[in-house]
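Here are a few notes to help you find your way around. Have the model open beside you as you read.

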Amino acid sequence: MTNLVPTYPNAKDPASPLDIVPLAGRIGAEIRGVLLSGDLDAATVQAIEAAVVRHKVIFFRGQQHLDNAEHEAFTSLFGDPVAHPTVPVAEGSKYLLELDSKEGYAASSWHTDVTFVDAYPKGSILRGITIPEAGGDTVWANTETAYESLPEPLRQLANNLWAVHSNDYDYAAVLGTDPDNQAQQARAAQHRSVFASTVYETEHPVVRVHPVSGQRSLLLGHFFKNFIGLNQADSQRLFAIFQDHITREENIVRWRWQSGDVAFWDNRSTQHRAVADFGLQRRTLRRATIHGEVPVGIDGRTSHTTRREKAKDFEPA
C-alpha cells in the first residue's frame, strides 16, 4: 500500500499572517493574538478560513467578550448562518444551538454535524460558557487523513460506497442510557422527540471531495444508518471498520475547554465527540453553524435527501 499521508499534514502555512500553533501531527491548531468579532478585516477572515481548511479545527483562547450577538456576527463573516433543522434556537439568539449538559449527559459519540440533510453545515463555531472544573473535553478526528491512510483495498471499497444518514436512530444507545434507569430512559425519549421531531434520510457518498482543497474524506459518523445495497448486519460490521480508522489516535486532537474558548471546525472533513466524564458538573456551550454545500462524490454524483416527514409520537422505552 502506498501511504498518501504527507510527512507532516498539520504543518503551519508559512505564508499565513496569523500566529498559529499546531497541536497534533494531523489535526488541530491554536490561533493566538486575535480578538474575535464581526468587525474583523477581510485579510484576517480569509486567513482564518484558510487555517480552518488546513488544520480542520482551530481554537481561540480568551474570547470572554463574546455574547450571542457577537458570536453570530463573527459567524456571518464566513457564510450564511443556519439554525439546527429540528432543535429550537438558544434563548436570546437568532440561530445558536445551546449544548447545556449536566450529569455526564453530552453528545458523546463520534459524528459530523447534521449529516442527515443534504447540504449539511460546512463549518461549526462553538463557544465555551460554563466549563467543568475537570472533564468535558471535546475530541476531533481528521476524516481526510483517515481516508488517505486506509489500506488500498479498503480505500477502493470506500470509493464505491454510498450510505444513508438519518436522525432517527437509537438515542438511548448513543447517549449511554442505562436500560434499568427509568429517568435516563425518559430523558433519552425526550431528547429523541426533539432531535427527530422531523425525520430525515439522506444518501451521501462515503467519500466526498472537499470543495475548497479537493481532498477526499470519509463521510460517516453516528447519523449513519446503512450502506446502500447492504443489509443492516453487514452495514454495521463494515461501518465499524471504517469508523475505527477515522478515530485512530493518529487522526485526533483533544481540547481542554476554558470559559471563553472558541473552536471553529471544518465540518466537511472532521468528526467530533464530547467526552462525558464530568459527572454532576455543569457544561454549557453554544454553537453556530454555517450553511454548507451539497457533497460531491469522486464520480461527480451529489448527495440527496430521500425522506423528510414529521415523526410519530415517541414513547419512553
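1. A term to begin with: helices (H or I, at least four residues) and strands (E, at least two) are DSSP runs, numbered from the N terminus. The expected span of a helix is 1.5 Å times one less than its number of residues. This is a predicted model, where local features need pLDDT of at least 70, side-chain atom pairs count only at pLDDT 80 or more, and totals for chains, interfaces and linings use all residues. Residues are numbered from 1 along each chain as its sequence is written, and side-chain values use heavy atoms, leaving out hydrogens and water.

2. Let us start with helix H7, residues 232–246. Its 15 residues reach 21 Å from first C-alpha to last, close to the 21 Å expected.

3. Which residues of H7 are buried (under 20% relative accessible area, 1.4 Å probe, protein chains only)? They are Ser235, Leu238, Phe239, Phe242, Gln243, His245 and Ile246. These residues lie on the same side of H7, because they cover an arc of only 145 degrees around the axis (taken from the directions from the helix axis to the C-beta atoms). On the other side, Arg237 and Asp244 are exposed (over 50%).

4. The cover over the buried residues of H7 includes helices H3 (143–148) and H4 (152–159), along with strand S11 (216–218).

5. Strand S11 holds serine 217, which is buried, with a relative accessible area of 2%. Beyond its neighbours within four places in sequence, serine 217 is in contact (heavy atoms within 4.5 Å) with residues including Thr143, Tyr147 and Arg268. A polar atom of the serine 217 side chain lies 3.3 Å from the backbone oxygen of arginine 268.

Notes
Polar contact = N/O pair within 3.5 Å; in protein donor to acceptor, adjacent residues only side chain to side chain.
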